[in-house]
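User: I would like to learn how to read a few features of a protein model. Can we go through them one at a time?

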Amino acid sequence: MKNLIRKLEEQITFLQQEMSLMNNELYSQQKEITELKKEVKNLNKKIEELGNGIDSYILKEDKKPPHY
(Lines give C-alpha, C1' and ligand atoms only; values in the text may rest on other atoms or scores of the structure.)
Protein backbone atom coordinates (compact mmCIF):
# COMPACT_ATOMS: atom_id res chain seq x y z
CA MET A 1 0.00 0.00 0.00
CA LYS A 2 2.81 2.43 0.89
CA ASN A 3 4.48 1.66 -2.42
CA LEU A 4 1.29 2.47 -4.32
CA ILE A 5 0.89 5.76 -2.47
CA ARG A 6 4.50 6.66 -3.21
CA LYS A 7 4.04 5.94 -6.94
CA LEU A 8 0.90 8.05 -7.01
CA GLU A 9 2.69 10.90 -5.28
CA GLU A 10 5.51 10.70 -7.82
CA GLN A 11 3.03 10.77 -10.68
CA ILE A 12 1.23 13.75 -9.17
CA THR A 13 4.52 15.60 -8.75
CA PHE A 14 5.49 14.84 -12.33
CA LEU A 15 2.12 15.98 -13.63
CA GLN A 16 2.31 19.18 -11.61
CA GLN A 17 5.72 19.96 -13.10
CA GLU A 18 4.46 19.25 -16.61
CA MET A 19 1.41 21.42 -16.03
CA SER A 20 3.62 24.25 -14.84
CA LEU A 21 5.79 23.96 -17.96
CA MET A 22 2.72 23.93 -20.18
CA ASN A 23 1.28 26.99 -18.43
CA ASN A 24 4.55 28.87 -18.93
CA GLU A 25 4.65 27.94 -22.59
CA LEU A 26 1.02 28.91 -23.08
CA TYR A 27 1.67 32.28 -21.46
CA SER A 28 4.66 32.86 -23.76
CA GLN A 29 2.64 31.93 -26.81
CA GLN A 30 -0.25 34.19 -25.85
CA LYS A 31 2.17 37.07 -25.34
CA GLU A 32 3.75 36.44 -28.74
CA ILE A 33 0.34 36.20 -30.42
CA THR A 34 -0.68 39.53 -28.89
CA GLU A 35 2.52 41.17 -30.13
CA LEU A 36 2.09 39.67 -33.60
CA LYS A 37 -1.51 40.91 -33.79
CA LYS A 38 -0.31 44.43 -32.96
CA GLU A 39 2.38 44.18 -35.61
CA VAL A 40 -0.10 42.97 -38.25
CA LYS A 41 -2.45 45.81 -37.32
CA ASN A 42 0.36 48.34 -37.70
CA LEU A 43 1.42 46.85 -41.03
CA ASN A 44 -2.16 46.94 -42.33
CA LYS A 45 -2.39 50.59 -41.30
CA LYS A 46 0.84 51.40 -43.14
CA ILE A 47 -0.35 49.54 -46.24
CA GLU A 48 -3.61 51.47 -46.16
CA GLU A 49 -1.74 54.77 -45.81
CA LEU A 50 0.54 53.85 -48.72
CA GLY A 51 -2.48 52.86 -50.80
CA ASN A 52 -4.17 56.17 -50.12
CA GLY A 53 -0.98 58.00 -51.08
CA ILE A 54 -0.74 56.08 -54.34
CA ASP A 55 -4.39 56.82 -55.17
CA SER A 56 -3.94 60.54 -54.66
CA TYR A 57 -0.70 60.47 -56.67
CA ILE A 58 -2.39 58.65 -59.56
CA LEU A 59 -5.26 61.12 -59.57
CA LYS A 60 -2.83 64.03 -59.72
CA GLU A 61 -0.82 62.42 -62.52
CA ASP A 62 -3.92 61.65 -64.61
CA LYS A 63 -5.01 65.28 -64.74
CA LYS A 64 -4.11 67.22 -67.85
CA PRO A 65 -1.53 69.93 -67.40
CA PRO A 66 -2.89 73.49 -67.50
CA HIS A 67 -1.41 74.22 -70.96
CA TYR A 68 -3.66 71.66 -72.72
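Analyst: The turns below go from the overall fold to burial, a salt bridge and a surface patch. Note that the model is predicted.

User: What does the secondary structure of the chain come to?

Analyst: Runs of helix or strand are counted along the chain. Here the count is one helix and zero strands. That helix, H1, covers residues 2-62.

User: How many of the residues, as a percentage, are buried?

Analyst: A residue counts as buried when its relative accessible area is under 20%. In this chain of 68 residues, the buried share is 0%. The accessible surface of the chain is about 7200 Å², and carbon and sulfur atoms account for 59% of that area.

User: Which residue forms a salt bridge with Glu10?

Analyst: The test is a side-chain nitrogen of Lys or Arg within 4 Å of a carboxyl oxygen of Asp or Glu. Glu10 is paired with Arg6, and their closest N and O atoms are 3.7 Å apart. The total by this rule is one salt bridge.

User: Where do Glu10 and Arg6 lie?

Analyst: Both are in helix H1, four residues apart, which is about one turn of the helix.

User: Are these two side chains buried or exposed?

Analyst: Arg6 counts as exposed, at 54% relative accessibility, because the cut-off for exposed is over 50%. Glu10, at 47%, is partly exposed.

User: Which residues make the nonpolar surface patch?

Analyst: Met1, Leu4, Ile5 and Leu8 make a patch of about 430 Å². One of them, Leu4, is in helix H1, where Glu10 and Arg6 also lie.

Notes:
Residues numbered from 1 in each chain as written. Predicted model: local features only at pLDDT ≥ 70, side-chain atom pairs only at ≥ 80, totals over all residues. Heavy atoms only, no water. Helix = DSSP H or I, 4+ residues; strand = E, 2+ residues; numbered from the N terminus. Buried < 20%, exposed > 50% of the residue type's maximum accessible area, 1.4 Å probe, protein only. Areas by Shrake-Rupley, 256 points an atom, 1.4 Å probe, with all protein chains shown as cover. Patch = residues over 30% accessible without salt bridge, like charges linked within 9 Å, V, L, I, M, F, W, Y side chains within 5 Å.
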